[in-house]
Amino acid sequence: MTPEKKNLPEAALKDKKIEVISLPGLAVNLQYSGDNLELAASGTLKATFSPILKKINSRLKEEKPALVQEDRVIASAWLPPIPGPVFKRLIFAEIQIALGKYIPETVSIELTRQNSLRYLPGTVPDELDTGTIKRIIDEALELGTFIITFTENDPILREEVFELISYVNKKRAIVNCSTWGTDFSKETAFRLKEAGLHSLMVGIYSTDPEKHDSIRKADGAYKRAVSAIKLALEAGLMVVMTTHASPSTIQELPSLYALASELGVHEFSVWEAMPKTRDEPAITNENRRDILEMYYRMNSSPKGPRMFANTYFEGQMMGAMAGRRWMHVTADGDVKPSPYPPFSFGNIKEKSLKESWQKIRSYPYFQKQKNLTPMHDPEFMEFLDKIPAGAKLPYPFEKVYRK
């Protein structure tokens with residue numbers, strides 16, 4: 001299937017008015033307005049839901065979706081299908097956020113520190129056991145989370161990944177999973193499909209195999225990543241090719257998009273690379289303008305995969321997600337606002353996820369609306385300056401915060 005065809009709306013959908021949600025005070029339908037899909041709301045809660053409705057409709061109007069099927073639209077792999085029970089949870093969460101109650105809409109979980117075949121299953125110490133990870137999932141769903149992402153290193157190297165994907169109630173959350181393609185087979189792809197995976201995220205950082213292998217610090221990493229993409233597409237999975245944009249790699253984005261188009265993935269996802277210290281180079285506002293120009297250009301063309309960029313999503317659409325709509329759990333249980341800040345707000349072995357979320361939300365910094373992620377925000381970087389030299393990371397945030 002070519003990228004052009006998979007992004008064209010099915011003719012059957014044009015004649016439909018699909019109910020997305022119906023509850024006292026709010027009804028939302030998915031329908032066509034001219035040539036564009038849109039969400040139409042009515043009821044006494046319409047005004048409360050209006051801001052997020054306008055944002056979603058502007059994207060449906062101006063951008064091609066990742067995938068259109070006969071009875072649903074997947075605007076992005078990072079969002080639940082429209083309509084569907086998980087999208088209803090998105091609406092509930094956004095209404096609560098509009099009323100001032102922030103929800104960790106996305107919870108990302110590290111399953112392992114393994115990132116190559118050098119580490120055999122069970123040989124990496126301190127990883128959370130499967131029962132604890134299931135408890136994290138349960139607690140996240142109770143908090144209103146509707147996106148569970150298994151990420152960092154290579155989650156596929158943990159055998160329980162299939163069990164954990166299956167464990168997530170698909171009426172309450174979609175499940176995304178990243179992979180380096182380290183040990184990825186045809187069987188792996190079909191097991192992920194059977195487990196109910198929403199989308200597979202495969203990272204490629206250069207179209208030059210040697211450069212990608214150097215970044216991954218593993219010979220053959222590029223070949224394995226490309227193979228994983230092809231096998232996942234053959235199994236019928238929605239596939240996202242991801243990359244990180246840094247000052248040294250920004251010029252590679254066009255060639256990476258061309259590769260994503262050639263492979264036939266559903267989405268090309270670009271995340272701003274995160275510096276670990278103040279001294280590391282970070283992307284500039286000029287770099288961001290280049291990313292946004294590419295974002296608008298690619299998404300307005302019917303050809304090629306949809307492009308996602310957190311530069312747009314967090315910079316202009318939703319605002320910074322960390323500690324506001326996003327929470328992360330490390331492989332040994334530390335709870336963070338996202339994978340990147342080197343601070344802990346509790347450990348799941350000692351506190352519930354709800355307690356850690358409440359702790360994050362108690363700090364004024366995370367109560368402010370921001371258009372820069374913490375590791376690009378000068379205000380937040382001042383907290384990093386207070387971490388003692390040689391301290392074990394992630395560092396307790398309360399030790400650097402002063403009221």
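How much space lies in the second largest pocket? Colleagues, the model before you is a predicted one, and in this model the second largest pocket holds about 550 Å³ of space. Its lining comprises 28 residues, and those closest to the centre of the pocket are Arg 72, Ile 74, Lys 193, His 198 and Met 238. By character, the lining residues divide into 17 nonpolar, seven polar and four charged.

Which elements supply the lining? Strand 4 (67-69), strand 5 (72-74), helix 4 (85-98) and strand 8 each provide at least two residues. Helix 4 gives the most, with three.

Allow me to turn to strand 8, one of those contributors. This strand spans residues 174-179, and six of its six residues are buried. In a regular strand, side chains alternate between the two faces of the sheet. In strand 8, Ile 174, Asn 176 and Ser 178 lie on one side, Val 175, Cys 177 and Thr 179 lie on the other, and both faces are covered.

I shall now consider the neighbours of strand 8. With strand 7 (residues 147-151), strand 8 pairs in the parallel sense over four bridges; here Cys 177 is the bridge partner of Phe 150. Strand 7, helix 6 (residues 161-167) and strand 8 together form a right-handed β-α-β unit.

Strand 8 also pairs with strand 9 (residues 199-203), again in the parallel sense and over four bridges, and Ser 178 stands opposite Met 201 of strand 9. From strand 8 the chain passes through helix 7 (residues 186-195) to reach strand 9, in a β-α-β crossover that is right-handed.

How values were computed:
Residues numbered from 1 in each chain as written. Predicted model: local features only at pLDDT ≥ 70, side-chain atom pairs only at ≥ 80, totals over all residues. Heavy atoms only, no water. Buried < 20%, exposed > 50% of the residue type's maximum accessible area, 1.4 Å probe, protein only. Pairing = 2+ DSSP bridges. Right-handed = clockwise from strand over helix to strand, strands pointing away. 1 Å grid on protein atoms, 1.4 Å probe; cavity = no way out; pocket = protein on both sides within 12 Å on 5 of 7 lines; lining within 4 Å. Points joined across faces, edges and corners; volume = space filled by probe spheres on them. Nonpolar A, V, L, I, M, F, W, Y, C, P; charged D, E, K, R; others polar.
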